[in-house]
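Subject: Structure handover

Hi,

Here is the structure I promised to pass on. Please open it first, then read my notes below.

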Amino acid sequence: MLFLTLIFVIICGLVLRRYGYAMHLPFVVVKYGGSVLWGAMVYALLATIVAGTKPSRIAAAALIVAVAVEFFRLVHTPWLDAFRLTIAGALLLGRVFSLWNILAYVVGTVIAFAFDLTFSRTRDAQ
């Protein structure tokens with residue numbers, strides 16, 4: 001189930017980035033919605049990898065990873081900047097450092113954490 005959630009979040013993020021403006025969504029929704037989904041994706045990825053770990057620990061680790069990747073945007077080398085100009089580089093690492101992105105990652109991680117708590121309780125009750 002966690003893996004399917006991860007794939008779903010990734011697809012939502014890609015669709016939002018590709019078609020958000022065509023769907024006449026506001027810039028804020030496309031830009032920061034993608035960042036919220038990226039934060040949720042980091043949580044879902046870690047939850048998939050370390051299934052069985054307490055959700056609070058996964059959330060803390062997801063925030064550390066997301067914030068570290070954001071600060072990594074401040075590192076510039078020719079090969080790294082060239083990678084950032086590719087689609088994969090832009091999606092994985094981003095291009096420009098933003099404190100607003102960190103806030104969006106927190107929101108995405110908290111939402112994913114809440115969903116995980118809700119659905120893990122449901123799974124545990126069955």
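From the N terminus on, the elements run α-α-α-α-α-α. That makes 6 helices and 0 strands in the chain. The radius of gyration is 15 Å, close to the 14 Å that the globule rule gives for 126 residues, so the chain is as compact as a globular protein of that length. Bear in mind that this is a predicted model.

Overall figures

The C-alpha trace spans about 50 × 35 × 20 Å along its principal axes. Of the 126 residues, 33% are buried. The chain exposes about 7,900 Å², and carbon and sulfur atoms supply 77% of that area. I also looked at contacts between residues at least 6 apart in sequence. Of these, 57% join residues at least 24 apart.

Helix α1

α1 has 18 residues. Its first and last C-alpha atoms are 25 Å apart, close to the 26 Å expected at 1.5 Å a residue. Leu6, Val9, Gly13 and Leu16 are its buried residues. They cover an arc of only 100° around the axis, so they sit on the same side of α1. An α-helix has 3.6 residues a turn, so residues three or four places apart point the same way. The other side of α1 carries Leu4, Phe8 and Arg18, which are exposed.

What covers the buried residues of α1? The cover includes α2. Ile10 belongs to α1 as well. Its relative accessible area is 33%, so Ile10 counts as partly exposed. The C-alpha atoms of Ile10 and Leu37 are 7.5 Å apart, with their positions 27 residues apart along the chain.

The loop after α1

His24 lies in the loop between α1 (2-19) and α2 (27-49). This residue is worth a look for its backbone. Most residues other than glycine have a negative phi. His24 is not a glycine, yet its phi is positive, about 60°. Is His24 buried or exposed? At 72% relative accessibility, it is exposed, because the cut-off for exposed is over 50%.

Helix α3

α3 covers residues 55-72, which is 18 residues. At 1.5 Å a residue it should span 26 Å. Its end C-alpha atoms are 25 Å apart, which agrees. The buried residues of α3 are Pro55, Ile58, Ala59, Ala62, Ala66, Val69 and Glu70. These cover an arc of only 100° around the axis, which puts them on the same side of α3. Arg57 and Ile64 are exposed, on the face turned away from that buried side.

Salt bridges

How many salt bridges are there? The count comes to 2. Side chains of opposite charge can pair when their charged atoms come close.

One salt bridge joins the side chains of Glu70 and Arg73, at 2.9 Å from N to O. Glu70 has a relative accessible area of 0%, so it is buried. Arg73, at 8% relative accessibility, counts as buried because the cut-off is under 20%.

The other salt bridge joins Arg84 and Asp81, with the closest N and O atoms 3.2 Å apart. Both residues lie in helix α4 (residues 78-84). They are 3 residues apart, about one turn of the helix. Arg84 is at 3% relative accessibility, so it counts as buried. Asp81, at 28%, counts as partly exposed.

Asn101

Now to helix α6 (residues 99-125), where Asn101 lies. Its relative accessibility is 1%, so Asn101 counts as buried. Which residues does Asn101 touch, not counting those up to four places away in sequence? They are Lys31, Tyr32, Ser35, Glu70, Arg73 and Val96. Two of those names have come up already: Glu70 and Arg73 form a salt bridge with each other. Asn101 touches both partners of that pair.

Where to start

Two places to open in your viewer are Asn101 with its contacts, including Lys31 and Tyr32, and His24 with its positive phi.

Best wishes

Terms used
Residues are numbered from 1 along each chain as its sequence is written. This is a predicted model: local features need pLDDT of at least 70, side-chain atom pairs count only at pLDDT 80 or more; totals for chains, interfaces and linings use all residues. Side-chain values use heavy atoms; hydrogens and water are left out. Helices (H or I, at least four residues) and strands (E, at least two) are DSSP runs, numbered from the N terminus. Buried means under 20% relative accessible area, exposed over 50%, partly exposed in between (1.4 Å probe, protein chains only). Contact means heavy atoms within 4.5 Å. The expected span of a helix is 1.5 Å times one less than its number of residues. The arc is that of the directions from the helix axis to the C-beta atoms. A salt bridge is a side-chain nitrogen of Lys or Arg within 4 Å of a carboxyl oxygen of Asp or Glu. The radius of gyration is taken over C-alpha atoms; the globule rule is 2.2 Å times the number of residues to the power 0.38. Accessible areas come from the Shrake-Rupley method with a 1.4 Å probe; for residues, only the protein chains shown count as cover.
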